[in-house]
Every structure is written in structure tokens, then in C-alpha cells.
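Here are some exercises to work through with the model open beside you. Try each task before you read its solution.

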Amino acid sequence: MTSLKGAVCGPVKAEGIVPVARTALATRITRELDRHGSVVVTGRAGVGKTYLVDNSVYAQCSPRFGSMIRWSPEIEGHLASRTREFVPNWNPPVLLLVDDVVGPEALPDILLNHGLQLIIVSHASARRWRHVPNFPALVEVGPFEREESVRFLTANLDGITEADADRLAAHLGDLPLALDRAVRRFGPDTSVDGFLQRIKPVAHLLVNDRDPSSRSPTPEGEVRSAVEELPVSGRLAPRIVAGALALMDGAPYPAALLDVQPPWQPWRTASVSLPPERRVPLHSLTATVLPDLERRGLLRIADGNAHLVWLTCQSVQRALRPLERARAAQLAETMLLSLLPDSKGDAEWGHWPTWRASHRALNTIDPSCMTTAPGRHALLAACDYLIGQGRPAEASQRLLALRETWRHTENIPLSLRLKTLDLLGRASYESGDIQKARRYGGTALRARQQTDHEWRLNPCALSGAAHWALATQRYDWLEELRRLAQALPDQRLALRIHSFAMLVHVESLYGLCLADPLKKIVRSQCDILTPEHPHSLFTMVVLARSYQRSGRADEARATLLKVLELRNKSLGPGHPHTQATAVEVHGQHREFE
């Protein structure tokens, strides 16, 4: 008689890794086994089905059911003899069919109708098992819950914060296999951003099987198969749409905005400026294509956003052929520009809701995908939005990446390169790096003076020069730039430059109060821009400082309280400018006491 020695199961422990005990899931499997005698454990590749059964389920089943045996053809004869004859006091063991069961049709005959207790770990879909008679118990295993992912990462990576662990888990889709591989490859003193940047070219190592001879599917293989099944013909071919979303590198695509008419008028989307052959009607995107991709398990739609996990994005990109990737890049640009207002690299405050929904995709997409003037201007406008949100460090990082990409790209207009320098100067100023702000702004100003004899008539050039003059405290330049801006039809820039000049003037004087001209600027900006506009609030802060420096503390405090109220309303309490105003108000209150 064949011996069962060596076939008896036991826990499998990962050396040096602290596992997550998925106790509730293991209890559910054990309960279904006790109730029905057999249970099928399904789930996509990489979710840890085998490890769960070998460890947590084994720990619960052994005391209750006795021996647990991993199925192999070698023990088939032994089981056949045991089931054909009466053996006193012999409790049928729990048999584990781990990963070898591709579907219900692959079950060995000896296991059917012989009273054996079975735990079947299968990579077949749950749908294929639901119609099988005598197998009523089915447990689907999914990725970790986010709390489990964070617990796993913080237990195995020294010094990682919960916030960073949450971000890494989100990029890896909470997939246990990928998290385990990431922990093993995460070097000492490595940041999450540094790890993701380093692992991106070889992200398949996180989701492929180490054993090339293994018959079990891998997460990479499942994604590739799903992509291969997608139709590729048509202007909105599902495979090309999946590729376009994958090129956004894990950022959500706010598809719901396609079906919503913005409240502000006039509205002209940036996609109107695309060549006619690039203008793809996207009405079927939200109605059919995206829901189909969600049913196939490639993406998730929540709150109107279509979201591919960062790790899935890498697999989808590797599954695309070169021509398909080129089509996906063009479609990604069209999809993004269909959401955005036409811009020249500036994110207008009135359009911030749109930029709020779209800036993540614009700041993660490969710049080489955006090959048209409106597409490249949208990339810069997304950085402008980050600066406006008080996130200049993120804006600088993206702008430097754009600058490096465009340095090696042909036919990039000089105006686009100079706009990049203007934004780098602004981001540096907001970060407190005045030296860099002066250098970037000065380089852009000198280039315009040397190459464009009409730069004094260009609002973009005047705005860039004004920010440079503010960083260098050049009151004379600001007054000259204000005079030039007053000749333009739109007076918003002239008011902005005037408030810059007043700030420089206020900070260079003590005793003299400049409240009257500042109040005039505030009134004009409130009329043209509304009181909640960041430019209006900037000038109100300058007015408060003028009051403070001239000894009018009550009026300074009242003005700052009004600014704080309006910034809470328009920017939110968490915005850095709102918090800075709150600190200033608190400081004045303490001085008053």
C-alpha cells in the first residue's frame, strides 16, 4: 500500500518575512468545508490563495479534521483502495488540490463521489465552478484590504511611514505577490518614489513566476491575455483605450467630465485645437468601452474616474505592440484635452475644478505622448495648477522632467521652453528659493529680449518678467512692466503687477501707509476677478502688512481675518496659503494681547 509519508501538508513560512494572517478569510474557508465537505478557493493570480490555504487554513483545519494531504497522482492508488474497502476508524483526510486544477473538468475521477473532503485551489474563474453539481461552496480570494497591505509593509520595511506604505500599496494594487516581491527588493534608505522609479523598467519581476516551468498563471500573464482578447479596430478600440489609460501611469481619468457641461461660459475644449484627424468623438467611451474594460478586470470605475492600478499599467504597456502604443499615445492626448479648457500654459482660477480632476493624469503621463501645442500647454498648465495649490516642490519636479524631455525633442518652440522657465521661477519663489527664482526668471527674460522685439506686447512675457522682478525686488522694473500691461485690453495683469510693486514698496518702508492705493487695487480686482480670487487675496494680504507696518494693528488684524475667511472658502482649510494666513492671524493676536 502506498504510504502517505511526505504528502502530509504543513505551514510554509517565508524566510525573513512577517506575513499577514488573513484569519477571517481562513475561517470562512474552514466553515464552508465543515458545512459542505468540499470548498473551491478561487481568485486571480498573485492574491495568495496557495499561501493562505497552506498556512492559515491549515492551522484551523488540522485540529478539526485531522490529516491534510496535498494531492498527487502517486497517492491515487492508496486512496482508491481505502475508498473501496471498509477501514475501521479511518477518517477521510482533507485533500488539498493546489493550483493544478485548471477547471472543474480537470478533477480526477477518484475524487468524485467517494466522500472525500476537498479544498481545491483553482485559478479558474468562479463562474466556471458555480455550475458544477456537488460543489456548492465557493470562496473567492482577492487582494489584501488596504489596512492589511499597510500592516504588511510597515512590519517588513524598517522606517516606512503608514502614509508611504499606503501609497506603495496603492501603486501595487494591494496584490500580495507584488507586495512580497517589493519588500524583498526594497533597499535600505530607499524612498517610495525612488523605489517605483527604479523598479518601473522591470516591474514584471514583481508579478512573474520565478519558475519558468510553472504551469500556474501569473498576474502579468493574466493582464497580457486580457489585452490580447480586446478588439483593436476602430477609433475607440478597447485595446487602444486600455493602452491610453495605461500611459497615464496609474492616475485616474475623470471620464465623468465628458458628460458634464461646465458651469462657466464660454467653454472651448483644448481638443478643438487638435488637427481634424485627431478629433475622436468620445461619447461611447463612458457608455460602452470603459464598462467593458471594467468587466474584464483591467480597470475600476469609481466616482466617475476610470483607474488602472500602476502595476497593471506597466503590464498593459508591455502587452502593446509598437504601432498600438503609438495609437494609444495619440488617443491619451485626445482624451485628456477633451476635458480641459484651451490654455497657454496657465490654469485659470475659474477652471480649477477641471484642473483639479485632471492634473494627476497630466502630471504622470509620459511627456512624449503629448505631441501637439495644446497638449504641451496642458502639461505646463497642470504644473501651474500645482503651484496655485501650494505644491511648488511637485511642480518643480515635473517641470524639470518636462524640460529634460523637451531638451532632446525636435521642434519644441522657444516660447514653450521659456514658459517652462517662468514656471520654474515661480515654483522656486513659492518654495523660498529666491536665488533659483532669480536665475530661472532672468534667463527667460534675457532670452526674450534677445529673440523677440515685441516681447513687451506679450502678456506671457510680461507676467514672467514681473515674477522675476518680484524675486529681485526691482520696484523700477515692476512699475515699467505695469505701464506696459496697462496698454493691454485685459487689465488683470496690470493689477497683478501693481500689487507686486506695492508689496516690494511696503516691505522697503516703515511708517508710511500705502493703504489707499492698495484698497483701490483690491476694489478693482474684486470687481474683475471676485473677492475669492487668489490675486485679490494676495493684494489684501499686502494691505494687511501695510497696516501692520504703519502701526494700525486693528485694521491689519481685521483684514487678515477677512482673508482667512475667504481662503477657507475658496482654497480650503488645508491649503498652505490658508494655513499661513491662520498663523499670521494667530501671531498678530498674541502681539495684541
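**Exercise 1.** Work out which residues A461 is in contact with, leaving aside its neighbours within four places in sequence.

*Solution.* This is a predicted model, so keep that in mind throughout.
- Start with the contacts: once neighbours within four places are set aside, A461 is in contact with R448 and W455.
- Next, place the residue: A461 belongs to helix α19, residues 459-472.
- Then check its accessibility. The value is 1%, and buried means under 20%, so A461 counts as buried.
- Finally, look along the chain: K419 is 42 residues apart from A461, yet their C-alpha atoms are separated by 8.3 Å.

**Exercise 2.** Find out what is odd about the span of helix α2, and where its kink is centred.

*Solution.*
- Count first: α2 runs over residues 49-65, which makes 17 residues.
- A straight helix at 1.5 Å a residue would reach 24 Å, but the end C-alpha atoms of α2 are only 20 Å apart.
- Now look for a bend: α2 has a kink of about 55 degrees, and Y58 is at its centre.
- Y58 is also one of the buried residues of α2, a list including V57, C61 and F65.

**Exercise 3.** Decide whether S149 and T42 are buried or exposed, and list what each one touches.

*Solution.*
- Take S149 in helix α5 (residues 146-156). Its relative accessibility is 0%, so S149 counts as buried.
- Beyond four places in sequence, the contacts of S149 are F144, A169, D174 and L179.
- With D174 there's a polar contact too, side chain to side chain, at 2.7 Å.
- Move on to T42, which sits in strand β1 (residues 38-42). Its relative accessible area is 1%, so T42 is buried as well.
- Not counting residues up to four places away, T42 touches K49, S122, A124, A126, W129, L138, V139, E140 and V141. K49 also turns up among the buried residues of α2.

**Exercise 4.** Show how the buried residues of helix α9 are arranged around its axis, and what they pack against.

*Solution.*
- List them: in α9 (residues 219-228), P219, E220, V223, A226 and V227 are buried.
- They cover an arc of only 130 degrees around the axis, so they lie on the same side of α9.
- Their packing partners are α7 (176-185), α10 (238-246) and α12 (310-319).

**Exercise 5.** Look up phi for N411 and Q473, and say where each residue sits.

*Solution.*
- Recall the background: most residues other than glycine have a negative phi.
- N411 goes the other way, with phi near 65 degrees. You'll find N411 in the loop between α16 (392-407) and α17 (414-431). Its relative accessible area is 71%, so N411 is exposed.
- Q473 isn't a glycine either, and its phi is positive at about 60 degrees. Its place is the loop between α19 and α20 (475-485). At 36% relative accessibility, Q473 counts as partly exposed.

**Exercise 6.** Zoom out: how many helices and strands are there, and what is the average pLDDT?

*Solution.*
- The protein has 25 helices and seven strands.
- Of its 593 residues, 50% count as buried.
- The average pLDDT is 86, with 87% of the residues scoring at least 70.
- Residues 1-14 have a pLDDT below 50, and in the model this stretch has 29 contacts beyond near neighbours in sequence.
- Residues 84-88 are below 50 too, and that stretch has one such contact.

How values were computed. Residues are numbered from 1 along each chain as its sequence is written. This is a predicted model: local features need pLDDT of at least 70, side-chain atom pairs count only at pLDDT 80 or more; totals for chains, interfaces and linings use all residues. Side-chain values use heavy atoms; hydrogens and water are left out. Helices (H or I, at least four residues) and strands (E, at least two) are DSSP runs, numbered from the N terminus. The expected span of a helix is 1.5 Å times one less than its number of residues. The bend at a residue is the angle between axes fitted to the seven residues ending there and the seven starting there. Buried means under 20% relative accessible area, exposed over 50%, partly exposed in between (1.4 Å probe, protein chains only). pLDDT is the predictor's confidence in each residue, from 0 to 100. Contact means heavy atoms within 4.5 Å. A polar contact is a pair of N or O atoms within 3.5 Å; within protein, one must be able to donate a hydrogen and the other to accept it, and residues adjacent in sequence count only if both atoms are side-chain atoms. The arc is that of the directions from the helix axis to the C-beta atoms.
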